[in-house]
Amino acid sequence: MSSIRLAWLSLIRRPLSTTLALAAIALAVGGCGVLLRLYQLEQNRFSTIARGSDAIIGAKADGLDILLGALDAEGKYPGFLPYKLFETMQARASVRFEDGADVNQNYLKQVTPFLYCAKAGRFRVVATDSTIFSWPNYSLTFASGRFIDEPDQPGHVVLGAVVARRMNLKIGDTVDLTPWVGNTKTPVPQMGQSFTVSGVLNSTHSSWDRLLFTTIADGQKLIANEPSLSQHSIWGNNVLNYMLVDLPADGYGPIQNLINKRTVGQVVFTRAEKKHLRELTGTGQSIGTMISILVILLGGLAVASMLVARFDAMGVQLAVLRALGYSRFQVALALLSEGFLLGVAACAIGSMIDMATFPMMRWVLGSALPSPDIVSSTIWQSAPVWLAAVLATTASVFLPVIKLYNQDIHTSLRN
Amino acid sequence: MLAGLFLPTTGRVTVGDHDLTAMADAHRCQLRRRHVGLVFQKLNLLDHLTATENIILAGGVTRERATEALKAVQLSGRENDRAAWLSVGEQQRIAVARVLAGEPDLLFADEPTSSLDNRNAQFVIDALLKAAKGKTLIVVSHDQRVASSFEHVIEFDRWAVHSKAKGPT
């Protein structure tokens with residue numbers, strides 16, 4: 001009888017022991033696979049923050065709220081800024097304040113308006129202008145079409161790559177936009193308007209991919225249809241949520257002085273806020289990583305001890321095989337095959353557990369992880385766990401194999 | 001020791017032309033597999049294997065040959081029963097069938113009838129003697145009736161060893 005046949009029979013003819021070992025390893029593999037994938041996603045939690053601007057001006061709020069609201073398209077609906085402020089900054093006009101201060105704005109390189117004005121399904125629509133597509137250091141490129149912002153051609157949108165893919169839209173198609181100013185959880189579709197797709201962006205693997213872009217004029221018209229706007233804005237629909245600003249090296253101080261001290265807005269610097277974010281989440285990530293490693297280690301040790309006990313209990317069986325003329329190599333091969341088969345079967349079941357539970361875990365963790373639209377996670381990302389499990393189950397045979405090589409057959413049989 | 005399961009600390013063990021003490025372990029295994037049949041006192045069947053599978057563990061035994069051997073020890077129809085499900089007497093007969101199926105040149109049987117009634121014991125001894133025709137069969141037994149079936153009996157009585165040869169049975 002071949003070594004592999006012996007291994008196979010040993011597995012299937014001890015159903016209780018095999019099922020227990022299989023279940024323990026499969027659960028460990030499934031659990032570790034999910035942990036590994038969550039860890040990988042968590043590492044990418046803020047990789048989806050869009051690039052582009054040096055600073056963001058928003059309504060007074062926490063700096064991280066402004067950063068994530070503007071560049072990661074997440075969080076609650078942000079507060080409003082008067083559109084006049086944008087016009088002033090865009091014109092680079094000098095501003096004279098009542099206290100006599102005179103601020104010149106020639107330090108601005110680029111200012112881009114940014115207004116969340118509607119939703120298309122679950123995707124946010126941003127009203128902006130063409131400057132958003134061409135930052136001095138970073139450009140959004142079009143896969144097809146263009147951004148139409150001529151006043152005589154209203155009702156056009158540009159789609160982020162994920163939006164186009166998920167909603168299966170292309171140039172010339174229409175998409176229904178429902179006004180959104182954050183007053184209701186579910187925007188009322190009856191107030192919506194159909195817009196025509198004029199362009200589709202290439203993927204940036206950032207939050208830009210999850211947005212639709214229309215003109216400021218169209219965006220402000222959309223929110224004007226929202227009855228609750230007056231409760232949120234003292235400036236009517238003549239508003240913005242953010243201004244994305246590009247600055248020269250010496251522009252940081254003056255803009256902070258202007259915006260934070262003298263307007264309803266607040267400026268945050270993108271690089272500094274990202275650093276702040278990393279510092280805040282770094283400790284949590286380290287603890288999470290340590291706990292994950294500990295769980296994986298404990299699971300691995302529990303399974304290893306179970307397997308070592310299983311193979312160790314086979315002393316007499318191995319002695320019988322040796323007495324019947326099986327060489328040490330043949331018996332060792334049978335043991336290794338049994339460990340390998342057990343590992344492979346457990347990985348197959350573990351991967352199914354992984355596939356079944358991962359979406360649920362991702363849903364439970366919600367915004368603690370990057371959006372599935374931007375950062376996907378496939379079952380193959382658990383492959384290192386499978387490899388480790390197969391190696392570990394095979395390696396757990398080593399102790400009995402070492403004993404086999406030193407076994408006194410006569411004593412083992414007599415006892 | 002004669003089967004090469006363990007080696008003496010001094011001296012030599014020779015089986016036929018083969019010096020077991022001078023052989024590598026792999027060669028001793030090969031020799032055991034091809035030329036030696038063992039019936040252990042504790043039977044040492046693998047509980048999770050069927051009667052047939054326990055028999056074909058012995059080297060070069062086909063399924064057909066295993067079925068024939070089971071028939072020879074009156075266990076026809078029990079081919080697919082696991083060893084653990086059988087009585088001790090039946091297990092003992094499987095252990096004997098394993099030796100019969102392997103057709104070895106040298107047979108060792110340690111108390112091969114210890115768990116059998118008189119009728120089955122005689123049946124097993126007859127089967128072993130039949131399989132050992134023209135070969136060497138060494139049986140260890142406390143049962144005088146078993147001893148009486150053999151050509152050459154060596155008695156161990158405390159420290160004394162008595163050897164007596166008889167005519168063939």
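**Exercise 1. In this predicted model, determine how strand β4 (residues 106-110) of chain B is joined to β5(B), and place the pair in its sheet.**

Solution.
Step 1. Begin with the pair itself: β4(B) and β5(B) run parallel and are joined by 5 bridges.
Step 2. Find a pair of facing residues. F108(B) has I138(B) of β5(B) opposite.
Step 3. Extend the view to the whole sheet. The sheet is open and holds 3 strands, in the order β3-β4-β5 of chain B, with parallel pairing.
Step 4. Identify the edges. β3 (36-39) and β5 (136-140) of chain B are the edge strands, since each pairs on one side only.
Step 5. Add the twist, which averages 10° from one strand to the next.

**Exercise 2. Describe the make-up of chain B: how many helices and strands does it have, and in what order do the elements run?**

Solution.
Step 1. Count the elements: chain B has 6 helices and 7 strands.
Step 2. Read them from the N terminus on, which gives β-β-α-β-α-α-α-β-α-β-α-β-β.
Step 3. Consider burial. Of the 169 residues in chain B, 39% are buried.
Step 4. Consider contacts in chain B between residues at least 6 apart in sequence: 62% of these join residues at least 24 apart.

**Exercise 3. State which elements of chain B have the lowest and the highest confidence.**

Solution.
Step 1. Take the chain as a whole. Chain B has a mean pLDDT of 82, and 97% of its residues reach 70 or more.
Step 2. Locate the extremes. Within chain B, strand β7 (residues 160-165) is lowest, with a mean of 72, while helix α2 (residues 51-56) is highest, at 90.
Step 3. Turn to the complex, for which the predictor gives an ipTM of 0.81 and a pTM of 0.66.

**Exercise 4. Give the corresponding account of chain A: how many helices and strands does it have?**

Solution.
Step 1. The count for chain A is 14 helices and 14 strands.
Step 2. Buried residues form 39% of its 415 residues.
Step 3. Among contacts in chain A between residues at least 6 apart in sequence, those joining residues at least 24 apart make up 80%.

**Exercise 5. Explain why strand β5 (residues 110-120) of chain A is largely enclosed, and find the strands with which it pairs.**

Solution.
Step 1. Count the buried residues. In β5(A), 9 of the 11 residues are buried, so this strand is largely enclosed by the rest of the structure.
Step 2. Take the pairing with strand β13 (residues 242-246) of chain A, which is antiparallel over 5 bridges. Here V111(A) stands opposite V245(A).
Step 3. Take strand β6 (residues 123-128) of chain A, which is joined to β5(A) by 5 bridges and runs antiparallel to it. In this pair K119(A) faces R124(A).
Step 4. Examine the hairpin of β5(A) and β6(A): 2 residues lie between the strands, and G121(A) takes a positive phi near 65°.
Step 5. Take strand β9 (residues 174-179) of chain A, which is antiparallel to β5(A) and joined to it by 2 bridges. K119(A) stands opposite T178(A) in this pair.

**Exercise 6. Which residues of α10(A) are buried, and what part does this helix have in the side that touches chain B?**

Solution.
Step 1. List the buried residues of α10(A): Q317(A), L318(A), A319(A), V320(A), L321(A), R322(A) and A323(A).
Step 2. Draw the consequence. With 7 of its 9 residues buried, α10(A) is largely enclosed by the rest of the structure.
Step 3. Look just beyond the helix, where G325(A) takes a positive phi of about 105°.
Step 4. Move to the interface, where 17 residues of chain A contact 20 residues of chain B.
Step 5. Assign elements to it. On the side of chain A that touches chain B, at least two residues come from each of α1 (3-12), α10 (315-323) and α14 (409-414).
Step 6. Sort that side by class: it has 8 nonpolar, 5 polar and 4 charged residues.

**Exercise 7. In the largest nonpolar core, which residues touch the most other members?**

Solution.
Step 1. This core has 86 residues, and the residues sought are V29(A), I55(B), V96(B), A97(B) and L128(B).
Step 2. Helix α11 (residues 328-365) of chain A gives the most to this core, namely 10 residues.
Step 3. Follow V29(A). Apart from neighbours within four places in sequence, V29(A) contacts A346(A), C347(A), G350(A), V385(A), W386(A) and A389(A).
Step 4. Note a second, separate core of 62 residues, which includes V157(A), I223(A), V245(A) and V268(A).

Conventions:
Residues numbered from 1 in each chain as written. Chains lettered and ligands numbered in written order. Predicted model: local features only at pLDDT ≥ 70, side-chain atom pairs only at ≥ 80, totals over all residues. Contact = placed C-beta atoms within 7 Å. Helix = DSSP H or I, 4+ residues; strand = E, 2+ residues; numbered from the N terminus. Nonpolar A, V, L, I, M, F, W, Y, C, P; charged D, E, K, R; others polar. Buried ≥ 20, exposed ≤ 12 C-beta atoms within 10 Å, placed from the backbone. Core = buried A, V, L, I, M, F, W, Y, C linked by C-beta atoms within 7 Å. pLDDT = per-residue confidence, 0-100. Pairing = 2+ DSSP bridges. Axes fitted to C-alpha atoms, helices over the stretch in contact; angles between N-to-C directions.
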